[in-house]
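Thanks for coming, everyone. I'll put the structure up and go straight to the salt bridges, then work outwards to the chain and the interface.

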Number of protein chains: 2
Amino acid sequence: MPSHRLTRPTRSGRPRSAAADAAILEATRASLVDLGWSKLTMGDVASRAGVAKTTLYRRWAGKNELVVDAVAVLFDELELPDLGSLAADVEAVVLQFAALLERPETRTALMAVVAESTRDEALRDRIRNSIVARQKRLVLQGRERAQRRGELPVEPDGEVAARTADLIFDVIAGAVVHRALVSAEPVDTDWARRFTLLLLSGLGSAPRPGSAPAERAQKPGGSV
Amino acid sequence: MPSHRLTRPTRSGRPRSAAADAAILEATRASLVDLGWSKLTMGDVASRAGVAKTTLYRRWAGKNELVVDAVAVLFDELELPDLGSLAADVEAVVLQFAALLERPETRTALMAVVAESTRDEALRDRIRNSIVARQKRLVLQGRERAQRRGELPVEPDGEVAARTADLIFDVIAGAVVHRALVSAEPVDTDWARRFTLLLLSGLGSAPRPGSAPAERAQKPGGSV
DNA sequence: CCAGTTACGCTACGGGTCGTAGCGTAAGGC
DNA sequence: GCCTTACGCTACGACCCGTAGCGTAACTGG
């Protein structure tokens, strides 16, 4: 899934070097580790990859697109073993996300490209397709398992189910990212456990005798 | 609370123009709106503010610090009317955060400076003190109210309470940011309501007859 | 009122990155 | 072998950076 959206109209002629592709993406990650996002430069990546700078521009429009592709492949490693319970699965997802955010490449690149994407529609789509989708997979997978186990009800309305899945995804991914990058504190097993407990049981559940539960709770079971 | 940490050792001599300060920060926000983070330049801000470029560098070390200060003041607007219930308060906090993220200045700047902060300890502290702290205030305020109402138990151990507050803060702020900037979909009242319901009631509450609740749920009431 | 001290505006500069153009050459498809 | 495309290389104007140097402005303390 190369996705080098830069003009590749016809076929015939010398094909693009797949080896150069790999070298460039590898060099980009290395440069991210050494220099970080802001000091990463196209020239530096080119020389690390042993490639002319012009070759970079023939394939990627600029730094943003290049880095997205370079980091995206790391999200392919994400996989979720079936641990037998929803709680365990959520905890595992959290730790998987966290492990990726530990790596300096993703750490420095992810927020940067998201920031850039606020002014670039195409970049936003690229991120959504190559990074967010890979993350979301895990959440959908976990939900399906939980439904199969009977831990979560099966929502008949597909649209409602999709909206709830989006909500849960934003909560999980958002919380992990915020903890790791904004609060800049470790996402360890202890935190993951407390987060999972909060997500599954909520704040207001069995608070203490003598207090009324949240009034708006019309239908307490979150349909998924 | 100027925080221009750039050397101001003694007093006597011509004082720094407070008017210039205001003009610079205002110009910075305007430039963020027009150009976005990546294309914002110190020279542009200076000319917008009617100020020499050197004046900027006399007060701020660079783009990062300047933008943090320029955006931070927007977070002072955050205030939370007492709405009578925990659910309503949470919903209000969510919508307050969301409203700030609607603005193009904050939208483009926030993630960018966070990204930069991953490689800059001092910048991280600056963000924490001038932006994150202002957000966290609301969460702490909401918790205190809920405890006074009896909606949340009072945690006797101060450290545990602080950790739980941090958790909740990361969940709320993280979810909102992720929804608004990564998923790039609107944080409207509908979403806020569903999020609040999830946060208060959790996923696993009253799932459906015939299924066991999450096994690890040792003490279901989240102490806060 | 007069030093002393600091901020300001302006100009100019070396250094770096950007993104592109132009060229000769290398590597496949037919 | 011919056509087409990719590649490496060089060079370039444009822009931004961050700083130095200077003369001037503003405020403080004697």
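Start with B:Asp89 and B:Arg145. In this predicted model, their side chains meet in a salt bridge, at 3.5 Å from N to O. The two sit in distant parts of the chain: B:Asp89 in helix 5 of chain B, B:Arg145 in helix 7 of chain B, 56 residues apart. Are they buried or exposed? B:Asp89 has 2% relative accessibility, so it counts as buried. B:Arg145 is buried too, with a relative accessible area of 12%. Now look at chain A. There, salt bridges with shared partners join A:Asp82, A:Asp89, A:Arg145, A:Arg149 and A:Glu151 into one network.

Next pair: B:Arg126 and B:Asp69. Their side chains form a salt bridge at 2.7 Å, N to O. B:Arg126 belongs to helix 7 of chain B and B:Asp69 to helix 4 of chain B, so this pair ties together parts that are 57 residues apart in sequence. Both B:Arg126 and B:Asp69 are buried.

Now a local pair, for contrast. A:Asp44 makes a salt bridge with A:Arg48, and their closest N and O atoms are 2.8 Å apart. Both lie in helix 2 of chain A, residues 42-49. They are four residues apart, about one turn of the helix. Why does that spacing suit a pair? An α-helix has 3.6 residues a turn, so residues three or four places apart point the same way. Side chains of opposite charge can then pair when their charged atoms come close. A:Arg48 has 34% relative accessibility, so it counts as partly exposed.

How many salt bridges does the structure hold over all chains? The total is 40.

On to the fold of chain A. It has nine helices and zero strands. From the N terminus, every element in the run is α: α-α-α-α-α-α-α-α-α. Chain A has 224 residues, and 53% of them are buried. Take the contacts in chain A with a separation of 6 or more: residues 24 or more positions apart account for 70% of them.

One helix to pick out is helix 4 of chain A, residues 63-72. Nine of its ten residues are buried, so the rest of the structure largely encloses it. Among those buried residues are A:Asn64, A:Glu65 and A:Asp69, alongside A:Leu66, A:Val67 and A:Val68. What covers them? The cover includes helix 1, helix 2, helix 6 and helix 7 of chain A.

Now the interface. Chain B contributes 72 residues to the contact and chain A contributes 70. Between them, the two chains bury about 6100 Å², with 58% of that on carbon and sulfur atoms. For polar contacts, the count between chain B and chain A is 18 residue pairs, both residues at pLDDT 80 or more.

Which elements of chain B touch chain A? Those giving two or more residues are helix 1, helix 5, helix 6, helix 7, helix 8 and helix 9 of chain B. Helix 8 of chain B gives the most, with 14 residues. By class, this side of chain B has 36 nonpolar, 18 polar and 18 charged residues.

How many salt bridges cross the interface of chain B and chain A? The rule finds two. Here is one of them: B:Arg163 with A:Asp190, the closest N and O atoms being 3.0 Å apart.

A quick stop at helix 9 of chain B, where B:Thr189 is found. At 45% relative accessibility, B:Thr189 counts as partly exposed. B:Thr189 and B:Glu91 are 98 residues apart in sequence, yet 7.9 Å apart in space, C-alpha to C-alpha.

Last point: symmetry. What superposes chain B on chain A? A rotation of 180 degrees does, with 0.0 Å of shift along its axis and an RMSD of 0.1 Å. That is the relation of a two-fold axis. Of the interface residues of chain B, 96% are also interface residues in chain A, so the copies meet through the same surface.

To recap: B:Asp89 and B:Arg145 link helix 5 and helix 7 of chain B, helix 4 of chain A is largely enclosed, and a two-fold axis relates the chains. Happy to take questions.

How values were computed
Residues numbered from 1 in each chain as written. Chains lettered and ligands numbered in written order. Heavy atoms only, no water. Contact = heavy atoms within 4.5 Å. Buried area = accessible area lost by both parts, 1.4 Å probe. Salt bridge = Lys/Arg side-chain N within 4 Å of Asp/Glu carboxyl O. Polar contact = N/O pair within 3.5 Å; in protein donor to acceptor, adjacent residues only side chain to side chain. Nonpolar A, V, L, I, M, F, W, Y, C, P; charged D, E, K, R; others polar. Buried < 20%, exposed > 50% of the residue type's maximum accessible area, 1.4 Å probe, protein only. Least-squares fit on C-alpha atoms with pLDDT ≥ 70 in both.
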